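Colleague: I've got a model open on my screen and would like to talk it through with you. Could you take my questions one by one?

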Amino acid sequence: MKEADEKYHILVVDDDDRLRKLLFKYLKDNHFDVSVAQDAAQAREQMKRFIFDLLIVDVMMPVETGVAFTQSLRAQNNTTPVLMLTAMGAIDDRISGLESGADDYLTKPFDPKELLLRIQSILRRSELKSPQKKGVLKFGEVEYRLDRGELFQNGELVVLTSVEAVLLRFLAQKAGQEVSREELGELTHNDNLRTIDVQITRLRRKLENDAKAPRYLQTVRGKGYILLPD
């Protein structure tokens, strides 16, 4: 589990305003960092800004159900644990939720203490699967906090633009893997790939000792970029 000074970050995705607010307060009171989204579209925007330790997702949401949303995450190789909330009691409905890639489900109405126990169990299993996950990427004197999407140099917060934050978060998730310029362009809704190169150059200035001879954020000729932390 995380160190004492680190909080798990949970995203609550539910179109029920009342339940969303109740979960936000309850989880905050139990020492979690919490973000909220009222539908799958808002959840995706939140996931561009932060790396979450757990998603709590309602099944019956308009436009895109929790099952469809979870399926799309797994199709993109996103392994963030998902706890699904459902008002449906039928076994087939529960099975479809688990088959979509959810790690567990909880039927409404539920006891808040049971929710907490389910969350703790999922997080414990997640850590056992990935014992090497430390939550921090190091680039010499610079550190990137994966859970909060924050960059520090010698303990001082480094200000990132919104585009830089999105790019660095994505590259951090793909650390050690080649990422194409087209992927980064799609991520930032930018068709001009030259603009992506400019943004990467600016980001390098915040990561590297010498941005002209990058060690950590390197160019892959004919492909794109790769992030190589210490």
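Modeller: Sure, and keep in mind that this is a predicted model. Let's begin with a hairpin: strand 6 and strand 7 form one with 2 residues between the strands, and Gly140 there takes a positive phi near 65 degrees.

Colleague: How many bridges join strand 6 to strand 7?

Modeller: Strand 6 covers residues 136-139 and strand 7 covers residues 142-145. Across the hairpin, Phe139 stands opposite Val142. The two strands run antiparallel, and the number of bridges joining them is 4.

Colleague: Which residues make up the covered face of strand 6?

Modeller: In a regular strand, side chains alternate between the two faces of the sheet. Strand 6 has an uncovered face with Val136 and Lys138. Its covered face holds Leu137 and Phe139.

Colleague: Now the parallel sheet. Which strands stand at its edges?

Modeller: This is an open sheet of 5 strands with parallel pairing, in the order 2-1-3-4-5. The edge strands have a single partner strand each, so one side of each is left without a neighbour in the sheet. On average, neighbouring strands here are turned by 20 degrees against each other, direction ignored. The edges are strand 2 (33-37) and strand 5 (104-107).

Colleague: Which residue in strand 5 stands opposite Met84?

Modeller: Met84 sits in strand 4, residues 82-86. Strand 4 pairs with strand 5 in the parallel sense, over 4 bridges. Opposite Met84 in strand 5 is Tyr105.

Colleague: Is Met84 buried or exposed?

Modeller: The cut-off for buried is under 20% relative accessible area. Met84 comes out at 2% relative accessibility, so Met84 counts as buried.

Colleague: And how far apart in space are Met84 and Glu178?

Modeller: Along the sequence, Met84 and Glu178 are 94 residues apart. Going C-alpha to C-alpha, their separation in space is 32 Å.

Colleague: What's packed on the parallel sheet, and at what angle does helix 2 run to strand 1?

Modeller: Helix 2 lies across strand 1 (9-13), strand 2 and strand 3 (54-58). Taking the direction of helix 2 against that of strand 1, the angle is about 160 degrees.

Colleague: Helix 2 also has a helix partner. Which residues of helix 3 does helix 2 meet?

Modeller: The axes of helix 2 (residues 40-49) and helix 3 come within 10 Å and cross at roughly 35 degrees, and the crossing is right-handed. From helix 2, the contact uses Ala40, Ala43, Arg44 and Met47. By class, the contact has 5 nonpolar, 1 polar and 1 charged residues. On the helix 3 side, the residues are Phe69, Ser72 and Leu73.

Colleague: Which residue takes a positive phi just after helix 3?

Modeller: Helix 3 runs over residues 66-75, and its buried residues are Gly66, Val67, Phe69, Thr70, Ser72 and Leu73. Just past its end, a positive phi of about 60 degrees turns up at Asn77.

Colleague: There's another sheet further along. Which residue in strand 12 stands opposite Val179?

Modeller: That open sheet has 3 strands in the order 10-12-11, with antiparallel pairing. Its edge strands are strand 10 (179-180) and strand 11 (217-220), each pairing on one side only. Strand 10 is joined to strand 12 (residues 224-227) by 2 bridges. Opposite Val179 in strand 12 is Tyr225.

Colleague: At what angle does helix 6 run to strand 12?

Modeller: Helix 6, residues 162-173, lies across strand 10, strand 11 and strand 12. Its direction relative to strand 12 is about 70 degrees.

Colleague: Glu164 caught my eye. Why does Glu164 count as buried?

Modeller: Glu164 belongs to helix 6. Leaving out residues up to four places away in sequence, Glu164 touches Val159, Gln199, Arg202, Leu203 and Lys206. Buried means under 20% relative accessible area. Glu164 counts as buried because its relative accessibility is 3%.

Colleague: Last one, for the whole chain. What radius of gyration does the protein chain have?

Modeller: The protein chain comes to 8 helices and 12 strands, and buried residues make up 44% of its 230 residues. Its C-alpha trace spans about 60 × 40 × 30 Å along the principal axes. With 230 residues, a compact globule would have a radius of gyration near 17 Å, which agrees with the chain's value of 19 Å.

Methods:
Residues numbered from 1 in each chain as written. Predicted model: local features only at pLDDT ≥ 70, side-chain atom pairs only at ≥ 80, totals over all residues. Heavy atoms only, no water. Buried < 20%, exposed > 50% of the residue type's maximum accessible area, 1.4 Å probe, protein only. Axes fitted to C-alpha atoms, helices over the stretch in contact; angles between N-to-C directions. Left-handed = near helix turned anticlockwise from the far one by under 90°. Contact = heavy atoms within 4.5 Å. Nonpolar A, V, L, I, M, F, W, Y, C, P; charged D, E, K, R; others polar. Pairing = 2+ DSSP bridges. Rg over C-alpha atoms; globule rule 2.2 N^0.38 Å.
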